[in-house]
Amino acid sequence: MTSRIGRPREHLVLGAYLGGGGTNGDAWRLPEADVDADINFERYSHYVHILERGKFDSIFLYDNVLPVPNPEVLEYRPGFPRWDTFTLLAALAVVTKRIGLIGTASTTFNEPYNIARKVLSLDHLSNGRAGWNVVTATGGGENFNLPEHVGHAERYRRAHEFYDVVTGLWHSVEPDAIVRNKVTGQWLDPAKVHPLNHKGEFYAVQGPLNAPPRIAQAGQPVIAQAGSSDDGKELAARIGEVIYTAEYDREHALAFRNELIERAQKYGRGAANLRVLPGLAPIVGKTREDAQRKFERYLSYLDHGATLNGLANYASLGIDLANWPKGKPVTLPDNLAQTNSHKSRQSLIARWIRERQATTDDILRFFIAGGHRLIVGSATDIADHIQDWFEAGAVDGFNIMFTSAPTGMEDFVDLVVPELQRRGLFKKDYASPYLRTNLGLPTV
């Protein structure tokens with residue numbers, strides 16, 4: 001068993017997951033659930049104000065360019081269509097004051113110069129609250145003139161170089177390079193502008209970047225990363241600051257965090273540079289019985305077949321979960337087909353199903369779409385779970401994935417956050433206007 005290392009820091013980190021599509025949550029047919037957030041900006045503005053009231057450190061906008069989970073079965077579901085991530089975050093930047101704004105951009109389907117410019121512009125719009133979730137993409141090459149998805153290893157080599165170019169461009173113009181001196185007529189100090197002149201395996205980029213230079217006190221935008229495969233963990237160890245992952249077992253989560261810290265050390269980094277945030281989907285009630293009633297109601301509106309097969313397709317399990325006999329333990333193929341997309345999630349979900357001899361009902365009651373942990377209980381129950389994992393050193397916090405919006409958000413902010421604050425586990429106010437400072441990350 002992996003040894004405990006104790007509470008990582010004084011206060012845990014709370015991030016919020018938002019999908020960018022027309023609804024937030026799996027049971028979108030709940031009468032009170034919003035279903036038009038893909039065209040109604042006021043929905044997202046409302047969500048983020050709730051979360052900022054709850055002192056959440058950041059929101060995280062997941063993104064992909066796939067229109068449907070399985071192109072062979074044209075079953076369009078919530079999440080199609082979706083906002084362009086950084087367009088939505090730019091709008092949210094000007095209606096919020098403190099909450100961090102982390103957006104996803106693929107290193108497979110973009111160019112470093114465009115992403116460097118876009119993210120640093122968002123950082124200025126938000127006064128130092130921007131973050132970039134670095135992903136290699138799980139698919140979508142058919143929309144980018146690619147006959148097939150780029151191989152896993154190549155995607156990660158490209159990601160390392162892509163990151164180097166982006167961060168090099170962020171530092172190509174020093175924060176005080178723009179002089180704007182009307183008396184002398186000097187617009188900028190050329191000694192503080194540094195062309196990049198990068199030539200690598202995948203990219204040739206001259207620079208410098210023509211976006212507003214980074215804010216000195218805020219440091220560069222925060223880097224998030226979500227891969228848990230071997231290549232993903234190596235990328236996270238080298239560049240990641242906020243690490244999104246999926247975990248269902250505390251000891252496994254502890255081992256993951258410790259491994260990441262150990263890997264980071266060879267890059268001159270360690271625990272001070274990393275905030276590991278597993279996804280957690282809470283259904284919160286005023287009492288445990290109230291939470292259970294909400295959960296059963298949630299299940300009654302959930303499309304069980306679509307949810308099960310969405311999970312099976314996402315993790316490349318190779319079986320039709322929707323039509324699996326009810327009450328019978330799920331039997332997975334001995335040798336699952338190697339996926340070129342979600343390698344780590346495939347391993348996690350398959351391991352859980354085999355260990356628990358899980359039925360389809362077990363899966364629906366334990367996972368939300370994407371393979372993140374579902375937990376049901378009172379504010380005390382949810383806070384106990386969070387405190388246990390945090391004080392064991394297994395996590396730096398959690399990325400909260402709400403099963404409904406806005407009610408699921410309000411339940412967590414109004415019931416769980418005060419309980420965490422009462423226990424001294426979570427801050428009562430923001431320490432700084434800057435995301436990096438609020439996360440306690442070094443300024444770079």
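**Exercise 1. Cis peptide bonds**

In which loop does P406 lie? Identify the residue joined to P406 by a cis peptide bond, and treat P208 in the same way.

*Solution.* The model is a predicted one, and the steps below read its geometry as it stands. Begin with the position of P406, which falls in the loop between β14 (397-400) and α12 (407-422). Next, turn to the peptide bond that joins A405 and P406, which is cis, with omega at about 5°. Then move to P208, which is placed in the loop between β8 (204-205) and β9 (222-225); here the cis peptide bond is made with G207, and omega is about 0°.

**Exercise 2. Positive phi in residues other than glycine**

Locate N145 and R180 in the secondary structure, and decide for each whether it is buried or exposed.

*Solution.* For N145, phi is positive at about 60°, although the residue is not a glycine. N145 belongs to the loop between β4 (130-135) and α4 (152-170), and because its relative accessibility is 76%, it counts as exposed. For R180, phi is near 55°, again a positive value in a residue other than glycine. R180, however, is part of strand β5 (residues 178-181), and its relative accessibility of 53% means that it counts as exposed, since the cut-off for that class is over 50%.

**Exercise 3. Helix α2 and the loop after it**

Describe the surroundings of T85, and then say what V94 contributes to at the surface.

*Solution.* T85 lies in helix α2, which covers residues 85-93, and with a relative accessibility of 3% T85 counts as buried. When neighbours within four places in sequence are left aside, the contacts of T85 are L61, Y62, D63, G103 and T104. V94 is found in the loop between α2 and β3 (100-106), and its relative accessible area of 58% makes V94 exposed. Together with V95 and L125, V94 makes a nonpolar surface patch of about 250 Å².

**Exercise 4. Aromatic pairs**

Classify the geometry of the pair F295 and Y298 and that of the pair F366 and F367, and state which charged residue lies over the face of F366.

*Solution.* A pair of aromatic rings is described by the distance of the centres and the angle of the planes. The count for this model comes to 18 aromatic pairs. In one of them, F295 and Y298, the centres are 6.1 Å apart with 20° between the planes, and the pair is stacked. Both residues lie in helix α7 (residues 288-301), where they are 3 residues apart, about one turn of the helix, and both are buried. For F366 and F367, the corresponding values are 5.3 Å centre to centre and 85° between the planes, which makes the pair edge-to-face. F366 is buried at a relative accessible area of 13%, and F367 is buried at 4%. The residue over the face of F366 is R356, at 5.3 Å from the ring centre. Elsewhere, W132, F162, W170, F202 and Y203 form one aromatic cluster.

**Exercise 5. Salt bridges and a network**

Place the partners of three salt bridges, D176 with K192, E259 with K233 and K266 with E234, and name the residues of the network that shared partners create.

*Solution.* Side chains of opposite charge can pair when their charged atoms come close. The count comes to 30 salt bridges.

1. D176 and K192 meet at 2.8 Å, N to O. This pair links distant parts of the chain, with D176 in the loop between α4 and β5 and K192 in the loop between β6 (186-188) and β7 (198-199), 16 residues apart. D176 is partly exposed at 44% relative accessibility, and K192 is partly exposed at 23%.
2. E259 and K233 meet at 3.1 Å, N to O. Because E259 lies in helix α6 (residues 250-265) and K233 in helix α5 (residues 230-239), the pair ties together parts that are 26 residues apart in sequence. E259 is partly exposed at 27%, whereas K233, at 14%, counts as buried.
3. K266 and E234 meet at 2.8 Å, N to O. K266 lies in the loop between α6 and β11 (275-285) and E234 in helix α5, so this pair ties together parts that are 32 residues apart in sequence. K266 counts as exposed at 59%, while E234 is buried at 16%.
4. Finally, salt bridges that share partners join D230, K233, E234, E259, R263 and K266 into one network.

Notes:
Residues numbered from 1 in each chain as written. Predicted model: local features only at pLDDT ≥ 70, side-chain atom pairs only at ≥ 80, totals over all residues. Heavy atoms only, no water. Helix = DSSP H or I, 4+ residues; strand = E, 2+ residues; numbered from the N terminus. Buried < 20%, exposed > 50% of the residue type's maximum accessible area, 1.4 Å probe, protein only. Contact = heavy atoms within 4.5 Å. Patch = residues over 30% accessible without salt bridge, like charges linked within 9 Å, V, L, I, M, F, W, Y side chains within 5 Å. Areas by Shrake-Rupley, 256 points an atom, 1.4 Å probe, with all protein chains shown as cover. Salt bridge = Lys/Arg side-chain N within 4 Å of Asp/Glu carboxyl O. Phe/Tyr/Trp six-rings, centres within 6.5 Å; stacked < 30°, edge-to-face > 60°. Lys NZ or Arg CZ within 6 Å of the ring centre and 35° of its normal.
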